[in-house]
Amino acid sequence: MPSSTSSQKQTSRKSVRTSVTLAIVAGGSYLAVMVLLWVVLRSEAAEASEWVAFLGRFHFLILHLPIGFLTVALFLEVAGWFMKPLRAAGAAITPVLWLTFFGGVGATICGFLLSKTGGYSEELLNNHMRGGITLVGVTLLTLVAKIIFDRDRAKMIGLAYRALLFLSGGLLAFSAHHGGSLTHGEGFLTKHTPPLLKKLQGIEDPVVSPNQPKKLGEMEVYHDLIVPVMEAKCWLCHNESKIKGELRMDTFALLLAGGESGRESIIPGNPDESELFYRMVTDDEDEIMPPEGKDPMTPSEIQIVKWWIQNGAKEHVTVADLNPDSEMIPHLEKLLISPARKASEKKVAEES
Ligand code: HEC
């Protein structure tokens, strides 16, 4: 009966319009919330707020929802092409994409709060955040394309929907990878790559890194050994863009100038009285540096700082000048192959 099919068509038109409107409203509200948060949380006080820190940590829980849902949507789409019995399950893709979107909203909002608690590498953080927020937007576009495609099965819309779905998958991989590097450090995933796989992928061993032209004895203790460690573990809070405790550590002079306590960060010959060394070894969990939860100083790194201060803390003194004994040499060797050092060498190599 033509009349009933046309009325069916009309209801389906109407429900498509409602769904698309809902998607637009949801997207607009999301954007408004993000802008509002961005404005409200611009002050330094926000960084110290317990609420921000509390809600921020839920990022680590919620982020798994969009990952799981998007994987299901991709699976249902691709499986439907090859397995006829699964084609009917394709109807579930629309609700699953809604869930992906809402999961993404929760994850990015909490993630934004988490970023305010500080201490993350800015470059990785920005990539991760941009990737995550773009992913939420693209998920919503995928959803709208899918809703329209389900109505009129137009070829172009179908293509657009699939392209957007795979773009979402790519964005997910991109942001998840940067997120992993933020929490676990760069190189975490490949740290235990077996030698054979490493060869296949062209990953070098840290010991044979080509960016190590100087021999150990010629290295300057401060610039070549200590600075890379501070760059990896201290600079994120103590450099020109973020000056916690009013202490900058990105130049030798600023390091010597000390911070808000007024105590001297370095007293040559006396590590125990030097604030810099004291903050690395104190038992006081409110004072330990880097603060709890960040990549801590290793015993070898601490020993080298101590050794350098004991021997006068000169800016340009070399390892050979200080004549390391058999106790110091293993610490020095350990430092040279540490992941933090490798990461900073990689950065230097990329910049030059
Ligand atoms: C996550 C951020 C963060 C990181 C990373 C960090 N700090 Fe701090 N640091 C702070 C904050 C916040 C303060 C101010 C509060 C305080 O004095 O404890 C501070 C204060 C200090 C002070 C005291 C300055 C003064 O005289 O008042 C020293 C010294 C210091 N940090 C050394 C270090 C060293 C060394 C590292 C790396 C091993 C490091 N920090 C890494 C956040 C950080």
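Visitor: How are helix 13 and helix 15 oriented to each other?
Guide: In this predicted model, the axes of helix 13 (residues 299-310) and helix 15 (residues 328-336) come within 9 Å and cross at roughly 120°. Angles from 65 to 115 degrees count as roughly perpendicular and those over 145 as roughly antiparallel. The angle falls in neither class, and helix 13 and helix 15 are therefore oblique to each other.

Visitor: What is the handedness of the crossing of helix 13 and helix 15?
Guide: The two axes cross at roughly 120°. Where helix 13 passes helix 15, the crossing is left-handed.

Visitor: How are helix 7 and helix 8 oriented to each other?
Guide: Helix 7 covers residues 122-152 and helix 8 residues 155-184, and their axes lie 8 Å apart at an angle of about 160°. Angles over 145 degrees count as roughly antiparallel. Helix 7 and helix 8 are therefore roughly antiparallel.

Visitor: How many residues of the contact of helix 7 with helix 8 are charged?
Guide: The crossing of these two helices is left-handed. Their contact residues include 18 nonpolar and 13 polar ones. The number of charged residues is one.

Visitor: Is Ser168 buried or exposed?
Guide: Ser168 sits in helix 8, and its C-alpha is 6.2 Å from that of Thr139, a residue 29 positions away in sequence. The cut-off for burial is 20 or more other C-beta atoms within 10 Å. Ser168 has 27 such neighbours, so it counts as buried.

Visitor: Which class of exposure does Glu264 fall into?
Guide: Glu264 lies in the loop between helix 11 (252-257) and helix 12 (275-281). Its C-alpha is 8.2 Å from that of Leu276, 12 residues away along the chain. Burial needs 20 or more C-beta neighbours and exposure 12 or fewer. Glu264 has 15 inside 10 Å, so it counts as partly exposed.

Visitor: How many residues of helix 6 are buried?
Guide: Helix 6 (residues 93-115) has 23 residues and spans 32 Å between its end C-alpha atoms, close to the 33 Å expected. The helix is largely enclosed by the rest of the structure, because the buried residues number 17 of the 23.

Visitor: Which helix gives the most residues to the largest nonpolar core?
Guide: This core has 31 residues, and those touching the most other members are Ala73, Leu97, Phe101, Leu113, Val136 and Leu143. Two or more residues each come from helix 5 (64-82), helix 6, helix 7 and helix 8. With 11 residues, the largest contributor is helix 6.

Note on methods. Residues are numbered from 1 along each chain as its sequence is written. This is a predicted model: local features need pLDDT of at least 70, side-chain atom pairs count only at pLDDT 80 or more; totals for chains, interfaces and linings use all residues. Axes are lines fitted to C-alpha atoms, for helices over the stretch in contact, and angles run from 0 to 180 degrees between N-to-C directions. Helices (H or I, at least four residues) and strands (E, at least two) are DSSP runs, numbered from the N terminus. Angles under 35 degrees count as roughly parallel, over 145 as roughly antiparallel, 65 to 115 as roughly perpendicular and the rest as oblique. A crossing is left-handed if the near helix is turned anticlockwise from the far one by less than a right angle, and right-handed if clockwise. Ala, Val, Leu, Ile, Met, Phe, Trp, Tyr, Cys and Pro count as nonpolar, Asp, Glu, Lys and Arg as charged, and the others, Gly among them, as polar. The expected span of a helix is 1.5 Å times one less than its number of residues. A nonpolar core is a set of buried Ala, Val, Leu, Ile, Met, Phe, Trp, Tyr and Cys residues joined through C-beta atoms within 7 Å.
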